[in-house]
Amino acid sequence: MKLNDLLNHTSEWLKGTGPHSDIVISSRIRLARNLDKFPFPHWADKKQSEDILEVIEKARESIGYLRSSTLFKLADLDGLDKQFLVERHLMSHEHAQKTDHKAVIIDDEEILAVMINEEDHLRMQLMQSGFNLFEAWNAINKIDDAFANELSFAFLSDWGYLTACPTNTGTGMRGSVMLHLPALVMTQQINRVLAAIAKLSFTTRGLYGEGTQASGNFFQISNQVALGHSEEEIIENINSLIRQIIEQENQSREAMLSKNRAMLEDRINRSLAILKSARIISSQETIELLSMVRLGADLGIIKDIDARRINELFIITQPAHLQKIENKKLTSQERDVKRAGLIRDRLNTH
Amino acid sequence: MLCDVCGKNPATVHLTEIIDEQMNELHLCEECARQKSSQMESQFGLSDLLAGLADFEKPLSEQEAESAKCPNCQLTYAEFKKIGRLGCGQCYTAFKKYLGPLLKRIHGSNIHFGKSPLKASRVIKKKTDLQELRLKLQKAVGMEAFEEAARIRDQIKELERNKPVDS
């Protein structure tokens with residue numbers, strides 16, 4: 001697979017299918033693992049970093065699950081390519097910085113991504129569409145076992161998997177669920193919900209993980225605690241929290257439909273109208289308007305546009321994607337024009 | 001290193017005395033240091049200074065923690081505190097006594113109950129099973145569920161009887 005092949009592909013997690021996919025965009029499990037013979041990436045010298053990458057590359061070749069995957073060395077990619085992978089949620093923003101001896105393994109379906117030499121030697125993530133953490137866990141668990149067959153991981157029976165940062169020690173697992181909560185935002189109940197989440201030792205982030213702002217009513221919720229509970233317990237804890245948030249979002253959606261239907265329909269249809277006719281549009285405005293259209297589709301107010309088409313627009317209207325599609329560098333102003341054109345094309349054709 | 005005075009217990013207090021420009025190093029166990037302390041107090045009134053030097057209640061002074069170093073990757077505990085990242089897997093063993101309380105503060109627990117790598121899984125499975133049972137036993141005793149506690153105690157005995165656990 002070549003990097004540009006991804007342009008014509010819809011990531012599994014964008015398909016808009018799976019349980020509760022009207023509110024839960026995607027479910028992701030990430031595992032952090034380290035080789036026991038080497039210093040962690042930030043503490044390894046040049047030679048050691050090279051060796052780490054080589055050892056993991058070798059291991060990959062013997063793993064059946066990774067037969068239809070591609071390893072990209074970050075040193076071989078230009079800035080645009082790296083940004084492109086970040087926008088597709090296939091690697092972190094941090095991974096795109098200082099790229100010596102770093103790599104990412106991506107499977108053809110874009111379900112699995114394994115970062116090499118990020119904060120830990122291995123950061124493997126599995127993303128599913130909809131509310132599906134257990135399925136994601138079962139799949140990544142097998143891949144983790146396959147790696148453990150080839151590599152010797154840093155592990156203590158008392159403390160579990162040993163990671164560069166002690167906040168990941170133990171299971172090395174982070175389960176994250178991406179939620180679309182427009183009704184809780186519009187009814188101004190979101191702060192109450194977020195405060196409750198923080199009290200329960202879960203974290204909320206924006207679309208692109210650590211340090212990013214919530215935009216377009218998207219919130220990513222994940223566990224903070226990695227030690228003292230089994231993976232299944234941690235997932236069950238996240239699940240029960242997410243079930244409550246889904247319930248609250250649904251109640252808010254119903255309340256708006258019954259009390260403010262005209263206002264809601266107006267806002268959704270105006271959002272769609274702007275997207276269908278704008279000639280210049282920023283990425284921030286795009287996300288906000290698409291969020292309303294997505295809500296309209298979920299509530300049956302908009303009937304002829306499905307979740308998948310909207311989800312795809314969220315991804316392909318981002319800066320690196322636009323430039324990849326155009327196959328050239330674009331200034332911010334040029335991007336705003338191209339973005340508006342692309343959205344019109346996609347929304348005006350059936 | 002054993003105590004210079006009694007020669008029996010490990011020396012945990014290290015003193016440098018300078019008398020008439022003669023430097024003397026003394027390595028004492030906790031008990032002998034206490035005696036030395038009261039002796040010196042009556043002689044020189046230096047009790048405050050000594051109390052500061054030998055903080056008997058603290059397991060290890062802050063300074064000792066800071067200078068602790070991982071023998072594998074050479075990262076010191078002071079460096080860890082500065083950068084917030086450990087240097088390698090063996091740092092966890094090197095800094096075990098400081099990291100235990102830290103992990104507990106972060107996660108609310110410092111005992112792993114999750115999966116383990118396949119190769120190590122048999123030995124570790126047993127260890128974690130034992131840990132889990134011991135925790136259950138504590139809980140049962142706490143709730144005065146003595147029948148349940150007895151049943152768990154038997155399970156622990158049974159598990160311990162089968163082949164010794166590697167550590």
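These legends describe close-up views of a predicted model with chains A and B.

**View 1. Chain A as a whole.**
Chain A holds eleven helices and ten strands. Its radius of gyration is 21 Å, close to the 20 Å that the globule rule gives for 350 residues, so chain A is as compact as a globular protein of that length. Along the principal axes, the C-alpha atoms of chain A fill a box of roughly 65 × 45 × 30 Å. Of the 350 residues in chain A, 47% are buried. Many contacts in chain A link distant parts of the sequence: among those with a separation of 6 or more, 70% join residues 24 or more positions apart.

**View 2. The largest nonpolar core.**
The largest nonpolar core has 86 residues. Which of its members touch the most other members? They are Val104(A), Ala113(A), Val114(A), Val177(A) and Leu179(A). Helix H3 of chain A, residues 133-150, gives the largest share of this core, with six residues. A second core, separate from this one, has 18 residues. Among them are Leu264(A), Leu272(A), Leu289(A) and Ile310(A).

**View 3. The surroundings of Leu179(A).**
Look past the neighbours of Leu179(A) within four places in sequence. Leu179(A) is then in contact with Ile23(A), Val24(A), Phe219(A), Ile221(A) and Ile245(A). Leu179(A) is also one of the residues that touch the most other members of the largest nonpolar core.

**View 4. Helix H7 of chain A, with a buried side and an exposed face.**
Helix H7 runs over residues 261-277 and has 17 residues. From its first C-alpha to its last it reaches 24 Å, close to the 24 Å expected at 1.5 Å a residue. Which residues of H7(A) are buried? They are Leu264(A), Ile268(A), Ser271(A), Leu272(A) and Leu275(A). These residues cover an arc of only 95 degrees around the axis, so they sit on the same side of H7(A). Two of the names, Leu264(A) and Leu272(A), also appear in the second core. The face turned away from the buried side carries exposed residues: Ala262(A), Met263(A), Asp266(A), Arg270(A), Ala273(A) and Ser277(A). What covers the buried residues of H7(A)? The cover includes helix H6 (231-259), helix H8 (283-298) and helix H11 (332-348) of chain A.

**View 5. Helix H11 of chain A and the helices it packs against.**
H11(A) has 17 residues. It reaches 24 Å from its first C-alpha to its last, close to the 24 Å expected at 1.5 Å a residue. Its buried residues are Arg335(A), Asp336(A), Arg339(A), Ala340(A) and Ile343(A). Seen down the axis of H11(A), they fall within an arc of 135 degrees, so they line one face of the helix. On the other side of H11(A), Asp345(A) and Asn348(A) are exposed. The buried residues of H11(A) pack against H7, H8, helix H9 (307-316) and helix H10 (319-326) of chain A.

**View 6. Two histidines with positive phi in one loop.**
Most residues other than glycine have a negative phi. His89(A) is not a glycine, yet it has a positive phi of about 65 degrees. His89(A) lies in the loop between helix H2 (79-87) and strand E3 (103-107) of chain A. Is this residue buried or exposed? With 21 C-beta neighbours inside 10 Å, His89(A) counts as buried; the cut-off is 20 or more. His101(A) is found in the loop between H2 and E3 too. Its phi is positive, near 60 degrees. His101(A) is buried, with 21 other C-beta atoms within 10 Å.

**View 7. Where chain A touches chain B.**
The contact takes 33 residues from chain A and 30 residues from chain B. On the side of chain A, H3 and strand E6 (155-156) each supply at least two residues. H3(A) gives the most to this side, with three residues. How is this side of chain A made up by class? It has 17 nonpolar, twelve polar and four charged residues.

**View 8. Chain B.**
Chain B has eight helices and two strands. From the N terminus on, its elements run β-β-α-α-α-α-α-α-α-α. Buried residues make up 22% of the 167 residues in chain B. Among contacts in chain B between residues at least 6 apart in sequence, 21% join residues at least 24 apart.

Methods
Residues numbered from 1 in each chain as written. Chains lettered and ligands numbered in written order. Predicted model: local features only at pLDDT ≥ 70, side-chain atom pairs only at ≥ 80, totals over all residues. Core = buried A, V, L, I, M, F, W, Y, C linked by C-beta atoms within 7 Å. Buried ≥ 20, exposed ≤ 12 C-beta atoms within 10 Å, placed from the backbone. Helix = DSSP H or I, 4+ residues; strand = E, 2+ residues; numbered from the N terminus. Contact = placed C-beta atoms within 7 Å. Expected span 1.5 Å × (residues − 1). Arc of directions from axis to C-beta. Nonpolar A, V, L, I, M, F, W, Y, C, P; charged D, E, K, R; others polar. Rg over C-alpha atoms; globule rule 2.2 N^0.38 Å.
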